[in-house]
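Got the viewer open? Here is a short tour that tells you what to select at each stop and what you'll find there.

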Amino acid sequence: MNIRLCYASSRHELIDDLIEDLSDILTVARDFNSKNEIFGVLYYANNAFFQCLEGEKVIVYELFDRIKADCRHNSILEFNVVEIDKFSFKNWSMKYVQKSSNVDIFFNQIGFDQFVPAAINEENLNQFIDVLLTENQTEVKRKIGLNKRGTRPYL
């Protein structure tokens, strides 16, 4: 049985490098997902994540258990899991969408100034997923050569 599991979480504020976090999350997710026929989308804005995972029920739940144990996620809010006949995100092992004006418009229409995952409910979840489906995928480029620039360990 294939399911769609969506959740939101806040990013752990003590972790410094957002670009490195996103790059690591997407690299691991895309590798795992492509090997396990998992599809989905990740959205990040305003220190919060929203993610939908689509695939075989057992694999998606095992993956979600690992996500819940990941220190980069706090205050995880799980939405109702639904059985699906077809994959909405079939073209992506993990589509990434960064802060978007269309997402902001969606949240303005439901009464919020910005992306507020807690405002997503069963009535508007599919509309939000449709917004993410129409957005272009964003490339996350890791900063190269900036970490520890100009320092040399002596020990």
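**Stop 1: two helices late in the chain**

Select α3 and α4: α3 passes α4 in a right-handed crossing. Keep in mind as you look around that this is a predicted model.

In residue numbers, you want 101-109 for helix α3 and 125-134 for helix α4. Their axes come within 9 Å and cross at roughly 160°. Because of that angle, α3 counts as roughly antiparallel to α4.

Now show the side chains where the two helices meet. On the α3 side, pick Asn102, Val103, Phe106 and Phe107. On the α4 side, pick Gln127, Phe128, Val131 and Leu132. Colour them by class and you get 6 nonpolar residues, 2 polar ones and no charged ones.

**Stop 2: just past the end of α4**

Step on to Glu135, in the segment after α4. Is this glutamate buried or exposed? Glu135 is buried, since its relative accessible area is 14% and the cut-off for buried is under 20%.

To see what surrounds Glu135, bring up Lys95, Val97, Ser100 and Asn102, which Glu135 touches when residues up to four places away in sequence are not counted. Asn102 should ring a bell: that residue also belongs to the α3 side of the contact with α4. Draw a distance between the side chains of Glu135 and Ser100, and you'll find a polar contact of 3.1 Å. Then try the C-alpha atoms of Glu135 and Val97: they are separated by 6.9 Å, with their positions 38 residues apart along the chain.

**Stop 3: another helix pair**

Go back toward the start of the chain and select helix α1, residues 18-36, together with helix α2, residues 57-69. Their axes are 12 Å apart, and the packing angle is about 165°. So α1 runs roughly antiparallel to α2. The crossing of α1 past α2 is right-handed.

Which residues make the contact? From α1, select Phe32, Asn33 and Asn36; from α2, select Ile59, Leu63 and Arg66. By class, this contact between α1 and α2 has 3 nonpolar residues, 2 polar and 1 charged.

**Stop 4: an arginine in the first strand**

Select Arg4, which sits in strand β1, residues 2-11. Arg4 counts as buried because its relative accessibility is 10%, and buried means under 20%.

What does the side chain of Arg4 pair with? One partner is the side chain of Glu54, in a polar contact at 3.0 Å. Another is the side chain of Ser88, joined to Arg4 by a polar contact of 2.6 Å. Show the wider surroundings too: leaving aside neighbours within four places in sequence, the contacts of Arg4 include Cys52, Leu53, Val82, Ile84, Asn126 and Ile129. Asn80 is on that list as well, and it makes a good next click.

**Stop 5: from Arg4 to a loop**

Asn80 lies in the loop between β4 (73-78) and β5 (82-83). With a relative accessible area of 47%, Asn80 is partly exposed. Leaving aside neighbours within four places in sequence, Asn80 is in contact with Arg4 and Glu122. Add Asn121 to the selection: its C-alpha atom is separated from that of Asn80 by 9.0 Å, while the two residues are 41 apart along the chain.

**Stop 6: two backbone oddities**

Next, check some phi angles. Which residues have a positive phi of about 50° although they are not glycine? Glu37 is one of them, and Ser75 is another.

Glu37 is in the loop between α1 and β2 (39-45), and at a relative accessible area of 58% it is exposed. Ser75 lies in strand β4. Ser75 also counts as exposed, with 64% relative accessibility.

**Last stop: zoom out**

Finish with the whole chain in cartoon view. There are 4 helices and 6 strands, and their order along the sequence is β-α-β-β-α-β-β-β-α-α. Switch to a surface view and think about burial: buried residues make up 41% of the 155 residues. Finally, consider contacts between residues at least 6 apart in sequence: 78% of these join residues at least 24 apart.

Conventions:
Residues are numbered from 1 along each chain as its sequence is written. This is a predicted model: local features need pLDDT of at least 70, side-chain atom pairs count only at pLDDT 80 or more; totals for chains, interfaces and linings use all residues. Side-chain values use heavy atoms; hydrogens and water are left out. Axes are lines fitted to C-alpha atoms, for helices over the stretch in contact, and angles run from 0 to 180 degrees between N-to-C directions. Angles under 35 degrees count as roughly parallel, over 145 as roughly antiparallel, 65 to 115 as roughly perpendicular and the rest as oblique. A crossing is left-handed if the near helix is turned anticlockwise from the far one by less than a right angle, and right-handed if clockwise. Contact means heavy atoms within 4.5 Å. Ala, Val, Leu, Ile, Met, Phe, Trp, Tyr, Cys and Pro count as nonpolar, Asp, Glu, Lys and Arg as charged, and the others, Gly among them, as polar. Buried means under 20% relative accessible area, exposed over 50%, partly exposed in between (1.4 Å probe, protein chains only). A polar contact is a pair of N or O atoms within 3.5 Å; within protein, one must be able to donate a hydrogen and the other to accept it, and residues adjacent in sequence count only if both atoms are side-chain atoms.
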